[in-house]
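Okay, thanks for making room for me this morning. Have a look at the structure on the screen, and then I'll walk you through a few spots in it.

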Amino acid sequence: MALNIDWMNEAKKRKDDLVRDVQALVRIPSVRDDEQAQPGAPFGPKVAEALEHMLHRGREEGFRVKNVDGFAGHIEMGHGEKLVGVLGHIDVVPPGDGWTMDPFAADVRNGRLYGRGAIDDKGPTMAAFYAMKIIRDLGLPIGKRVRLIIGGDEESDWRCVEHYFRHEEMPDVGFAPDADFPIIHAEKGIIDADLSYRPPGQEEAEGFALASFQAGRRYNMVPDAAEAVVEGAGRTEELLGLYEQFCRERGVKGSIRQSEGAVVFQLEGVSAHGAEPERGKNAGVYLAQFLASLPLDGQSRPFVQFLASSFSDTRGQELGLAYRDEQSGDLTVNVGVLSYNRRHGGTIGLNIRYPVTADGDAIRRTLAGAAAEHGFALSRFSDTKPHYIDPNHELVRTLQRVYEEQTGEPARLLAIGGGTYARALTAGVAFGALFPGRPDVAHQKDEYIEIDDLVKATAIYAQAIYELAK
């Protein structure tokens, strides 16, 4: 039986209720609070309140609901052996400074609903809930169960989905409305690694002595500031001229000052996400390149030279890590955290995003070997494996067809260096809710969702869930 359903019209009919429900959810400041965590509320009282709010709405609509120890929960409809999953989350990052309105007031202005979590991920999660409501309200026949799974810790450690899938079944197929449209089907592997340097025994310092070096706080961000303290450098006039020329040639800002007989170098780069380090200017690497031109002593020279020579490109070529594949592109290397002091030595903290066909264990061996050649040790290595769904998978084909029918736009498949919530699903992709061309305001001040986009996403999700579950 061919059903002719105007999904967009069904979503528009429910627009006012949808907006009110998103507002009610955004007004709960569901930031993780470890100090007030307790059994049943492992991420604090406000995350627990937001989870219970969603489950209560599910109960009101006559769906089956379950709270899994406060870590996550689900809202379910339909019957059958097979399970279709939609994975959203109700926790949010802290609002931060600089808002021009109350981040938890959920104000509607000029067709936008503002608030922390509006686009990430309360609006899209509620859109998926309304999509289930549309299918139920229309009495459409489905042959599978549909489960909206709601996590409480996506913004931190994903303990929500770890706990949930230890106790509940994995969906046969699913999607996460927690990223971009059209469809993200390939996500690179993500490695965080520390390379540690211990200086050789105390030898008499000949040349300049690097007392300390600092850059970056997060592995997944390009450092936009670096500072080095150099002793024994004498007068700064000559150094200042060299340093100014160096910074000018590289398009970065630098400053130099005397402090208690030492010279302090500061460099200002440009920050970027660790998944796209080429978009930034790494303050730590640039400063190391300048320091490598100075007559440093034997203690610090190996640290600075390895940093300056091996990390000048973001594709890992000097390290022997220049992998790429058709599905997901180049491996990238971001030097995210740098620290050195004369007594304890130094650490280079790396964030590596590797293609879906590359082998994390081979990368580990290559990286350890390259480090050892320069007197460094691989002291920490954590590897989140890539996530990849074949473009011909029925899930992908179905979502492509639905997206193209609803928008009239081609449903291009995206490969990214970042990680989305879809990784938690065995056969899952990220599917919206940010439309192409829209600015990504997640985690930003004055976060918002366009109300027209919220309605359009609801229509897309309703048809998608129906097509996957019928």
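**A quick tour**

So, the protein chain has 11 helices and 24 strands. Keep in mind that this is a predicted model. The chain has 470 residues, and 55% of them count as buried. If you lay the C-alpha trace along its principal axes, the spans come out at about 85 × 45 × 45 Å. The accessible surface is about 20300 Å², and carbon and sulfur atoms account for 44% of that.

Two more whole-chain numbers before we zoom in. Take the contacts between residues at least 6 apart in sequence: 77% of them join residues at least 24 apart. And for the charge people, there are 53 positive and 71 negative charges, with mean positions 3 Å apart.

Okay, let's go to strand β3. How many of the seven residues of β3 are buried? Seven of the seven, so β3 is largely enclosed by the rest of the structure. You can go through the strand face by face. On one side you have L83, G85, L87 and H89, on the other V84, V86 and G88, and all of these are buried.

Who are the neighbours in the sheet? β3 runs parallel to β6, residues 145-151, and seven bridges join the two. If you want a landmark there, L87 sits opposite I149 of β6. β3 also runs parallel to β7, residues 173-176, this time with three bridges. The landmark on that side is V86, whose bridge partner in β7 is F175.

Now the backbone oddities. Most residues other than glycine have a negative phi, and most peptide bonds are trans. With that in mind, look at A106, which isn't a glycine but has a positive phi of about 55°. A106 lies in the loop between β3 and β4, the latter being residues 108-109. Is A106 buried or exposed? It counts as buried, because its relative accessibility is 0%.

E260 is another residue other than glycine with a positive phi, near 50°. You'll find E260 in the loop between β13 (253-259) and β14 (262-268). E260 has a relative accessible area of 83%, so this one is exposed.

Then the cis peptide bonds. One joins D120 and D121, with omega at about 10°, and D121 is in helix α4, residues 118-137. Another goes from G432 to A433, with omega near 15°, and A433 is in strand β23.

Staying with β23, follow the chain into the loop between β23 (433-434) and β24 (448-450), and you get to D446. Why does D446 count as buried? Because its relative accessibility is 16%, and the cut-off for buried is under 20%.

So what is D446 in contact with, leaving aside its neighbours within four places in sequence? The answer is W99, T100, M101 and Y114. With T100 there's a polar contact between the side chains, at 2.8 Å. P103 is worth finding on the screen too: P103 and D446 are 343 residues apart along the chain, but their C-alpha atoms are separated by 7.1 Å.

If you rotate the model afterwards, I'd begin with the D446 and T100 side chains and their polar contact, then go over to β3 and follow the bridges to β6. That's me done, so over to you for questions.

Technical notes: Residues are numbered from 1 along each chain as its sequence is written. This is a predicted model: local features need pLDDT of at least 70, side-chain atom pairs count only at pLDDT 80 or more; totals for chains, interfaces and linings use all residues. Side-chain values use heavy atoms; hydrogens and water are left out. Helices (H or I, at least four residues) and strands (E, at least two) are DSSP runs, numbered from the N terminus. Buried means under 20% relative accessible area, exposed over 50%, partly exposed in between (1.4 Å probe, protein chains only). Contact means heavy atoms within 4.5 Å. A polar contact is a pair of N or O atoms within 3.5 Å; within protein, one must be able to donate a hydrogen and the other to accept it, and residues adjacent in sequence count only if both atoms are side-chain atoms. Accessible areas come from the Shrake-Rupley method with a 1.4 Å probe; for residues, only the protein chains shown count as cover. Lys and Arg count as positive and Asp and Glu as negative; His and the chain ends are not counted. The place of a charge is taken as NZ of Lys, CZ of Arg, CG of Asp or CD of Glu. Two strands pair if DSSP finds at least two bridges between them.
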